[in-house]
Amino acid sequence: GMVLLKNEGGLLPFKKGVNLAVVGPHAGSQRDLFESYKGDQLCMDKTYSCIQTVGSVFTELNCNASTAVEVGLDTFGEEVYEGSYKAALAAAEGADQIVLALGIGNQNEYETGDRTTINLPGLQEQLAMDILALEKPTVLVLVNGGAIAIENIAPKAKAIVEAFYPGRRAGEALFGAIYGDSNRFGKLPMTIYESNFVNEQSM
């Protein structure tokens, strides 16, 4: 169900075995890889304990090359711990390729709980801008259910993958897509508007 929104200059697929940084709130997500109706995708103990994060899967599959994983922010765009934003930037600075995994999760949107904006929350857009300013090969991965407005980021990002809520094997699916092991991208089932749309139209 993923969509390749942009691949300027054929940046993707990435090369395996290259020093990599996987950064952003969804580098370490487990619960937030699922939508609200997760059903039988849970682990045997009815938790998310067996769900591999995107960062852990990329670490395993990156052909023994260095892979740094730093979440930096939570899905509200707030620092996970003091200095975590800087840690994410440092990981990106030390890498040759970057997977920037941003978006929202089940605490941002849920049944009876709607968002009032479609922007990336908090400092997530700033993190994207800071990392893209490094001008290193970077793919922006969006994890979300409802639309996310990225009009400020899109012109600067050379590769963008819309992953929606990719589920229990998200890491494998994303790695295969980004590194060219699979090519199963679809098309958007909805229009993604700019952030001011919610102010121009009655919601």
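On a 1 Å grid over the protein atoms alone, a pocket is an open set of points with protein on both sides within 12 Å along at least five of seven lines, and lining residues have an atom within 4 Å of a point. Grid points are joined across faces, edges and corners, and a volume is the space filled by probe spheres set on the points. The model is predicted, so local features need pLDDT of at least 70 and side-chain atom pairs count only at pLDDT 80 or more, while totals for chains, interfaces and linings use all residues. Residues are numbered from 1 along each chain as its sequence is written, and side-chain values use heavy atoms, with hydrogens and water left out.

The second largest pocket holds about 160 Å³ of space. Its lining includes Leu-11, Ile-131 and Leu-132. Glu-135, Lys-136, Pro-137 and Thr-138 also contribute. Lys-156, Ala-157 and Lys-158 complete the list. By class, 5 of these residues are nonpolar, 1 is polar and 4 are charged. Here Ala, Val, Leu, Ile, Met, Phe, Trp, Tyr, Cys and Pro count as nonpolar, Asp, Glu, Lys and Arg as charged, and the others, Gly among them, as polar. The largest pocket encloses about 270 Å³. It is lined by 16 residues. Asp-114, Arg-115, Thr-117, Ile-118 and Met-203 lie nearest its centre. The lining of the largest pocket comprises 8 nonpolar, 5 polar and 3 charged residues.

Secondary structure was taken from DSSP runs, with helices (H or I, at least four residues) and strands (E, at least two) numbered from the N terminus. An open sheet is built from 6 strands in the order 1-6-5-4-2-3, with mixed pairing. Two strands pair if DSSP finds at least two bridges between them. Strand 1 and strand 3 (67-70) stand at the edges with a single partner strand each, so one side of each is left without a neighbour in the sheet. From one strand to the next, the twist averages 15 degrees. For such angles, axes are lines fitted to C-alpha atoms, for helices over the stretch in contact, and values run from 0 to 180 degrees between N-to-C directions.

Strand 6 (residues 159-162) runs antiparallel to strand 1, and 4 bridges join the two. Val-3 stands opposite Glu-162 of strand 6. Lys-6 has Ile-160 as its bridge partner in strand 6. Strand 5 (residues 138-143) pairs with strand 6 in the parallel sense, also over 4 bridges. There, Val-141 is the bridge partner of Val-161. Ala-159 and Val-161 point one way from strand 6, whereas Ile-160 and Glu-162 point the other way. All four are buried. Buried means under 20% relative accessible area, exposed over 50%, and partly exposed in between (1.4 Å probe, protein chains only).

In strand 4 (97-103) lies Gln-97. Gln-97 is buried, at 8% relative accessible area. The C-alpha atoms of Gln-97 and Glu-125 are separated by 19 Å, although the two are 28 residues apart along the chain.

The whole structure contains 6 aromatic pairs. Rings of Phe, Tyr and Trp (its six-membered ring) pair if their centres lie within 6.5 Å; planes under 30 degrees apart count as stacked, over 60 as edge-to-face and the rest as tilted. Phe-14 and Tyr-179 form an edge-to-face pair, 6.0 Å centre to centre with 75 degrees between the planes. Phe-14 sits in the loop between strand 1 (3-7) and strand 2 (20-23), and Tyr-179 in the loop between helix 4 (170-178) and helix 5 (197-200), so the pair ties together parts 165 residues apart in sequence. Both rings belong to buried residues: Phe-14 has 4% relative accessibility, and Tyr-179 has 5%. Ring pairs join Phe-14, Phe-58, Phe-175 and Tyr-179 into a cluster.

Several loops carry notable backbone features. A cis peptide bond joins Leu-12 and Pro-13, with omega of about 5 degrees. Pro-13 lies in the loop between strand 1 and strand 2. Asn-64 has a positive phi, near 65 degrees, though other than glycine. Asn-64 is in the loop between helix 1 (54-61) and strand 3 and is exposed, at 80% relative accessible area. Thr-112, likewise not a glycine, has a positive phi of about 75 degrees. Thr-112 falls in the loop between strand 4 and helix 3 (124-132) and is exposed, at 78%.

Definitions and conventions: 1 Å grid on protein atoms, 1.4 Å probe; cavity = no way out; pocket = protein on both sides within 12 Å on 5 of 7 lines; lining within 4 Å.
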